[in-house]
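Thanks for coming. I have one chain to go through today, so please look at the screen while I talk.

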Amino acid sequence: LLDNVSKLAGCTLFITGASRGIGKAIALKAAKDGANIVIAAKTAQAHPKLPGTIYTAAEEIEAAGGKALPCVVDVRDEQQIKDAVEKAVEKFGETGIDILVNNASAITLSNTLDTPTKKVDLMMSVNTRGTYLTSKACIPYLKKSKIAHILNLSPPLNLNPLWFKQHCAYTIAKYGMSMCVLGMAEEFKGEIAVNALWPKTAIHTAAVDMLGGSGIESQCRKVDIIADAAYSIFKKPKNFTGNFIIDENILREEGIKNFDVYAVKPGHPLIPDLFIDELPDAVNKEMGTPDAAPAFKEGKQAPQPKAASGSVAETFRIVKETLSDDVVKATQAVYQFDLSGEDGGTWFLDLKSKGGNVGHGEPPDRADVVMTMSAEDFVKMFSGKLKPTMAFMSGKLKIKGNMALAIKLEKVMTQMNAKL
């Protein structure tokens with residue numbers, strides 16, 4: 001872990017969405033230096049599924065050595081943002097704010113036809129508009145600060161169509177935060193450092209549990225890695241601006257070599273995060289060539305991926321040949337696959353009954369996990385050409401049911417890859 005060096009002692013951080021998760025982790029890291037934290041979040045009362053409020057976060061910040069100002073702020077409400085900024089200036093002094101962290105975000109990973117307009121509006125207004133308005137309210141005070149940082153928790157601007165295909169609205173809304181970095185870094189060059197930070201792998205938060213279900217945490221890193229990366233950025237001068245930073249990369253520059261300390265389950269395979277082509281390398285292969293990215297810049301048509309060899313029926317035939325009592329005993333689950341496109345339909349894989357079974361149509365017993373994807377991606381996934389975690393995080397694979405049992409299937413597929 002990255003050591004604190006008291007760089008932020010007496011500084012004031014305005015953090016949106018700081019009542020839990022990544023926002024709170026950044027707040028606690030700064031609090032260890034003796035920083036002042038404005039907890040700008042809308043959770044004043046406990047949520048039935050998500051732990052933590054602005055008041056419980058304030059208690060933890062004070063216990064860590066910082067000073068806390070809990071403020072009820074919905075970043076869609078410009079007046080609430082302005083009121084919180086004024087309270088910060090009144091409580092912590094004339095400069096008011098030294099660092100702004102735009103962390104509040106809304107996410108819905110669904111395709112165009114399946115995304116309700118209400119969800120589209122929520123993502124646009126929280127992610128893009130909220131970031132813009134909060135920055136606008138804080139900038140006059142940031143200009144007076146010697147530290148003067150804006151940090152948006154948003155991804156690098158990657159125009160690979162893969163990241164738009166399955167969740168276009170979310171990508172647009174999240175990229176809006178990144179475009180704020182692009183514009184404001186140039187607009188306030190020399191006055192305020194404006195950067196973006198994004199994780200290389202999935203980060204374990206309560207929100208990820210809600211999206212991915214039970215068992216997903218073993219494939220994630222802890223929020224500590226984002227907190228350490230953010231702290232590393234805050235230590236840099238104002239001329240460090242306009243950067244799209246990946247957490248692991250900046251921590252390597254700090255001399256950190258052992259990243260297992262950040263893993264929820266050290267040694268376990270990690271889910272790559274969205275918008276980063278390099279994890280895994282197979283993403284570029286999905287686009288047809290490792291050199292696909294420059295084609296986007298030149299406005300050329302991206303190469304189309306080639307169809308995987310084999311068919312769904314053939315894949316299931318080979319899967320059936322690999323089944324054994326040991327596999328069934330270790331898995332104990334029934335999987336249903338709803339496949340679209342040519343050679344699609346409904347299929348099942350029964351890893352509960354003695355010896356196991358596969359077949360076309362719905363399973364004889366109720367499925368523990370239902371997976372929805374294209375037939376082409378299904379064949380790729382079982383043959384090892386598409387990682388299930390990558391398919392899930394990029395929206396190619398939708399999962400209903402027991403996520404822990406879905407993760408078990410990934411281990412089974414790994415054993416089958418050689419024969420497929």
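I'll start with a small detail: Asp-325 is partly exposed, at a relative accessible area of 39%. Buried here means under 20% relative accessible area, exposed means over 50%, and partly exposed is in between, with a 1.4 Å probe and protein chains only.

Some ground rules. This is a predicted model, in which local features need pLDDT of at least 70 and side-chain atom pairs count only at pLDDT 80 or more, while totals for chains, interfaces and linings use all residues. Residues are numbered from 1 along each chain as its sequence is written, and side-chain values use heavy atoms, with hydrogens and water left out.

Back to Asp-325. Its side chain meets that of Lys-354 in a salt bridge, 3.6 Å from N to O. Lys-354 sits in the loop between β9 and β10 and Asp-325 in helix α13, so the pair ties together parts that are 29 residues apart in sequence. Lys-354 counts as exposed, at 75% relative accessibility. By salt bridge I mean a side-chain nitrogen of Lys or Arg within 4 Å of a carboxyl oxygen of Asp or Glu. Helices (H or I, at least four residues) and strands (E, at least two) are DSSP runs, numbered from the N terminus.

Now the whole chain. It has 16 helices and 12 strands, and buried residues make up 54% of its 420 residues. Of the contacts with a separation of 6 or more, 73% are between residues 24 or more positions apart; contact means heavy atoms within 4.5 Å.

On to the sheets. Two strands pair if DSSP finds at least two bridges between them. One open sheet has 7 strands in the order β3-β2-β1-β4-β5-β6-β7, with parallel pairing. β3, residues 67-72, and β7, residues 244-246, each have a single partner strand, so one side of each is left without a neighbour in the sheet. Neighbouring strands here are turned by 20° against each other on average, direction ignored. Between β2 (residues 36-41) and β3 there are 6 bridges, and Ala-40 stands opposite Cys-71 in β3. Helix α4, residues 117-142, lies across β1, β4 and β5, running at about 175° to β4. For such angles, axes are lines fitted to C-alpha atoms, for helices over the stretch in contact, and the angles run from 0 to 180 degrees between N-to-C directions.

The other open sheet has 5 strands in the order β10-β9-β8-β11-β12, and its pairing is mixed. Its edge strands are β10 and β12, each pairing on one side only. The twist averages 15° from one strand to the next. Helix α12, residues 312-322, packs on this sheet, touching β8, β9 and β10, and its direction makes about 5° with that of β9. Helix α14 (residues 375-382) touches β8 and β11, at about 110° to β11.

β9 and β10 form a hairpin with 5 residues between them, and Gly-355 in the turn has a positive phi of about 85°. The two strands run antiparallel, joined by 4 bridges, with Asp-350 opposite Asn-357.

Where else is phi positive? Most residues other than glycine have a negative phi. Ala-148 has a phi near 50°; it lies in the loop between α4 and β5 and is buried, at 0% relative accessible area. Gln-332, with a phi near 55°, lies in the loop between α13 and β8 and is partly exposed, at 40%.

Last topic, charges. The structure holds 16 salt bridges. Glu-321 and Arg-317 form one of them, at 2.6 Å from N to O; being 4 residues apart in helix α12, they are separated by about one helical turn. Lys-200, Arg-221, Glu-248 and Arg-252 are linked in a network of salt bridges.

Which side chain of opposite charge is nearest to Asp-273? That is Lys-174, 9.1 Å away; Asp-273 is buried yet has no salt bridge. Lys and Arg count as positive here and Asp and Glu as negative, while His and the chain ends are not counted. Asp-273 is found in the loop between α9 and α10. Leaving aside neighbours within four places in sequence, its contacts include Trp-163, Trp-198, Lys-200 and Met-393.

That is the tour.
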